[in-house]
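Reader: I have a model open beside its sequence, and I would like to learn how to read it. Could you take me through it one feature at a time?

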Amino acid sequence: MIQVPFSNLREMFEQKAAEFNRNIFLSFYDDDISFSEFDRRVNRLANALLKLGIGKGDIVCVYANNSPETLVAHFAIVKTRAVSGPINCWWQPPEIKYLLNDSQAKTLIVESCYLSNIEHIRQDCPHLQTIIEISDTPSPGRLNFHQLLEENPPQLQPVEISPEDEVELQKLNEYW
């Protein structure tokens with residue numbers, strides 16, 4: 001039997017962030033992010049999601065390209081006991097609408113370059129309450145991803161996570 005020294009992803013990452021503190025966790029173009037800095041960013045977004053009422057079992061979809069923000073979003077969702085729902089960047093509005101409605105996603109974190117696809121279907125997604133836009137200048141009515149990081153503390157309030165909690169929702173494209 002394989003012994004796993006962690007009971008969940010949050011515990012694993014927080015222990016590794018403490019252990020490797022200033023070591024580089026992620027390099028993305030000119031941005032080198034240490035383990036501890038990445039963990040602070042994740043905690044800031046997790047605190048913002050908790051303030052928005054996101055919690056155990058809530059679906060939060062992420063529609064963004066590969067970037068530090070995308071990883072921050074996925075880890076923050078896990079730290080709130082919510083379920084991360086990645087959206088394939090190649091999908092078209094009908095496919096995205098299906099996923100949002102079938103999963104009953106409450107929140108969407110979306111990169112600004114994909115916002116036009118969301119605008120086409122937004123009125124047909126009744127469960128979607130909050131849209132967080134990854135942009136320096138988000139559209140009216142959207143929460144600013146970067147501002148949420150600035151406004152929230154880097155220490156995460158305790159959230160009990162059990163090994164049975166769901167982490168990620170994977171949906172196959174129904175049109176294939």
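Author: Gladly. This is a predicted model, and we can start with one residue. Lys 79 has a relative accessible area of 1%, which means that it is buried, as the cut-off for buried is under 20%.

Reader: Where is Lys 79 found, and which residues is Lys 79 in contact with, leaving aside its neighbours within four places in sequence?

Author: Lys 79 belongs to helix 3. Beyond its sequence neighbours, Lys 79 is in contact with Arg 10, Glu 14, Asp 39, Val 42, Asn 43, Ala 46, Leu 156, Val 159 and Ile 161. Two of the names on that list, Asp 39 and Asn 43, will come back when we look at how helices meet.

Reader: Then let's do that. How do I describe two helices that pack together?

Author: Two numbers do the job: the angle between the axes of the packed helices, and the distance between those axes. Here, helix 1 (residues 9-20) and helix 2 (residues 35-51) pack at an angle of about 145 degrees, and their axes are 8 Å apart.

Reader: Which residues in helix 1 meet which residues in helix 2?

Author: From helix 1 come Phe 13, Glu 14, Lys 16, Ala 17 and Phe 20; in helix 2 they meet Phe 35, Ser 36, Phe 38, Asp 39 and Asn 43. By character, the residues of this contact divide into 5 nonpolar, 2 polar and 3 charged.

Reader: How do I tell which face of a helix points inward?

Author: An α-helix has 3.6 residues a turn, so residues three or four places apart point the same way. In helix 1, the buried residues are Arg 10, Phe 13 and Ala 17. Looking down the axis of helix 1, you would find its buried residues within an arc of 75 degrees, so they line one face of the helix. Ala 18 and Glu 19 are exposed on the other side of helix 1.

Reader: And what covers the buried residues of helix 1?

Author: The cover includes strand 1 (24-28), helix 2 and helix 3.

Reader: Is helix 2 largely enclosed or open to its surroundings?

Author: In helix 2, 12 of the 17 residues are buried, so this helix is largely enclosed by the rest of the structure. Among them are Phe 38, Val 42, Leu 45 and Leu 49, along with Asp 39, Asn 43 and Asn 47. Helix 2 reaches 24 Å from its first C-alpha to its last, close to the 24 Å expected at 1.5 Å a residue. Just after helix 2, Gly 53 takes a positive phi of about 90 degrees.

Reader: What about the nonpolar core?

Author: In soluble globular proteins, nonpolar side chains tend to be buried together. The largest nonpolar core in this model has 31 residues, and those touching the most other members are Phe 38, Leu 45, Leu 49, Val 72, Ile 77, Ile 109 and Phe 145. Helix 2 gives the largest share of this core, 8 residues. A second, separate core of 19 residues includes Tyr 63, Val 83, Leu 99 and Leu 100.

Reader: Can you show me one core residue up close?

Author: Take Leu 45. Leaving aside neighbours within four places in sequence, Leu 45 is in contact with Val 72, Ala 73, Ala 76, Ile 109, Phe 145, Leu 148 and Leu 149. The last of these, Leu 149, sits in helix 6 and is buried, with a relative accessible area of 14%. Not counting residues up to four places away in sequence, Leu 149 touches Arg 41, Arg 44, Leu 45 and Val 72.

Reader: Last topic: what should I look for in backbone angles?

Author: Most residues other than glycine have a negative phi, which makes positive values worth a look. Tyr 29 has a positive phi, near 55 degrees. Tyr 29 lies in the loop between strand 1 and strand 2 (31-34), and at 75% relative accessibility it counts as exposed. Gln 104 also has a positive phi, near 60 degrees. Gln 104 is in the loop between helix 4 (93-103) and strand 5 (107-111), and at 47% relative accessibility it counts as partly exposed.

Methods:
Residues numbered from 1 in each chain as written. Predicted model: local features only at pLDDT ≥ 70, side-chain atom pairs only at ≥ 80, totals over all residues. Heavy atoms only, no water. Axes fitted to C-alpha atoms, helices over the stretch in contact; angles between N-to-C directions. Helix = DSSP H or I, 4+ residues; strand = E, 2+ residues; numbered from the N terminus. Contact = heavy atoms within 4.5 Å. Nonpolar A, V, L, I, M, F, W, Y, C, P; charged D, E, K, R; others polar. Core = buried A, V, L, I, M, F, W, Y, C linked by side-chain atoms within 4.5 Å. Buried < 20%, exposed > 50% of the residue type's maximum accessible area, 1.4 Å probe, protein only. Arc of directions from axis to C-beta. Expected span 1.5 Å × (residues − 1).
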